[in-house]
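Work through the exercises below with the structure open beside the text. Try each task before reading its solution.

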Amino acid sequence: MLRIHFVDNRQAPVWLADERFTFGAAPGNDLVLDDTGIGAFHAELYQENRFYYLTDLGTPGGTYVNEEKIGERYQVRSGDLVRLGTLELQIVDPAKAGVKAGAAPRWLLQVVQGENQGHKYHVTGSMTFGRSAKCELCFSDPELSRRHAEFYLKGDILEVKDLASANGLKVNHQAVTTTVLQPGDQIQLGSTTLLVIGPKVAVPETIDEDATLFIRAADLPVAVKAKPATPRPATPNPLRATATPGASAKAAPPIATERPSLRLGLLVGLVIAIVAGFVVQQLP
């Protein structure tokens, strides 16, 4: 038995339990779809001899399988991508080998307030959100900028970044520029509020590249306090062994008095010599 999966994961998969299954915007269809470009009775999928065939019911927008426009009785197989207007559906056979039953997306954004309320969107890679038709998540909310924000995956971690929007971005009522999202977070973009659905993941601690880092320097040897130097006794001058600063000033007068005595002695000796010579001359 085949199963229909919504590519944007707006709702749970639908089993093709009946032999005939109709798609369209009118309430009488088996699967009611109100997306842009979908007619009142858009297409019919029916089973015959264990095979499934899809028929377009004459809609202006047409029905596409793997981006090929189809008419009547087009056989569909597991893995085919069906597009009705802007809505994409995938045909899946869970019993077929190679198809993983747990291949559901890990991260979803559900609209809890605003346009398309109740719809869920599968986050794959990088997806922009805004009013521009070029955005993967395009909303007509007048409070949104053309490119309002970007959702992107880094491994198992989902992040959101404001794209310099006019009205900004809030996560859990706090204005942010960029942040890591966790399951249960509510994101406000204009008048649209999204609920984050996904796995609980551990967020690695981020290091602020602009923060000042303090690095311990190498330990230096502790400086030893120098002891005051002990004055060494001065070596006495042998020529002044008995002299002291006080005695040198008193020793000067005796030197001055010895010089006149010497002169007087010389003078007396000279007189004696002269007298002796005179006496000798007077002898007969």
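The exercises that follow deal with salt bridges, strand pairing and a cavity in a predicted model.

**Exercise 1. A salt bridge between two strands**

Task: Find out which residue meets Arg-20 in a salt bridge, and decide whether each partner is buried or exposed or in between.

Solution:
- Step 1. The side chain of Arg-20 meets that of Glu-44, with N to O at 2.9 Å. A salt bridge requires a side-chain nitrogen of Lys or Arg within 4 Å of a carboxyl oxygen of Asp or Glu, so this pair qualifies.
- Step 2. Place the partners in the chain. Arg-20 belongs to strand S3 (residues 20–24) and Glu-44 to strand S5 (residues 43–48). The two are 24 residues apart, and the pair links distant parts of the chain.
- Step 3. Apply the accessibility cut-offs: buried is under 20%, exposed is over 50%, and partly exposed lies in between. Arg-20 has 49% relative accessibility, so Arg-20 is partly exposed. Glu-44 has 17%, so Glu-44 is buried.

This pair belongs to a set: the structure holds 5 salt bridges. As background, side chains of opposite charge can pair when their charged atoms come close.

**Exercise 2. A salt bridge from a loop**

Task: Locate the salt bridge between Arg-73 and Glu-48 and classify both residues by accessibility.

Solution:
- Step 1. The closest N and O atoms of Arg-73 and Glu-48 are 3.1 Å apart.
- Step 2. Arg-73 sits in the loop between strand S8 (68–69) and strand S9 (74–76), while Glu-48 lies in strand S5. They are 25 residues apart.
- Step 3. Arg-73 has a relative accessible area of 41%, so Arg-73 is partly exposed. Glu-48, at 31%, is also partly exposed.

**Exercise 3. Strand S17 and its partners**

Task: Describe how S17 pairs with S16 and with S20, and how well S17 is covered.

Solution:
- Step 1. S16 and S17 run antiparallel and are joined by 6 bridges. In this pairing, Ala-149 stands opposite Asp-162 of S17.
- Step 2. Look at the hairpin of these strands. It has 2 residues between S16 and S17, and Gly-155 takes a positive phi near 70 degrees there.
- Step 3. S17 also pairs with strand S20 (residues 178–180), in the antiparallel sense over 3 bridges. Val-160 stands opposite Thr-179 in S20.
- Step 4. Of the 6 residues of S17, 5 are buried, and the strand is mostly covered.
- Step 5. Add the side chains. Glu-150 and Lys-161 meet in a salt bridge with N to O at 3.8 Å. Glu-150 is in strand S16 (residues 149–154) and Lys-161 in strand S17 (residues 157–162). Glu-150 is buried because its relative accessibility is 15%; Lys-161 is partly exposed at 32%.

**Exercise 4. An open sheet**

Task: Give the strand order of the open sheet of 6 strands and name its edge strands.

Solution:
- Step 1. The order is S13-S12-S22-S21-S18-S19, with antiparallel pairing.
- Step 2. Strand S13 (120–122) and strand S19 (174–175) are the edges, since each pairs on one side only.
- Step 3. Check one pair within the sheet. Strand S18 (residues 170–171) and strand S21 (residues 186–189) share 2 bridges, and Lys-170 stands opposite Gln-188.

**Exercise 5. The cavity**

Task: State what kind of residues line the largest cavity.

Solution:
- Step 1. The structure holds 1 cavity of 30 Å³ or more. The largest cavity has a volume of about 50 Å³.
- Step 2. Its lining consists of Ile-4, Phe-23, Leu-45, Leu-54, Val-76, Val-82, Leu-89 and Ile-91.
- Step 3. Sorted by type, the lining has 8 nonpolar residues, no polar and no charged ones.

Key: Residues numbered from 1 in each chain as written. Predicted model: local features only at pLDDT ≥ 70, side-chain atom pairs only at ≥ 80, totals over all residues. Heavy atoms only, no water. Helix = DSSP H or I, 4+ residues; strand = E, 2+ residues; numbered from the N terminus. Buried < 20%, exposed > 50% of the residue type's maximum accessible area, 1.4 Å probe, protein only. Pairing = 2+ DSSP bridges. 1 Å grid on protein atoms, 1.4 Å probe; cavity = no way out; pocket = protein on both sides within 12 Å on 5 of 7 lines; lining within 4 Å. Points joined across faces, edges and corners; volume = space filled by probe spheres on them. Nonpolar A, V, L, I, M, F, W, Y, C, P; charged D, E, K, R; others polar.
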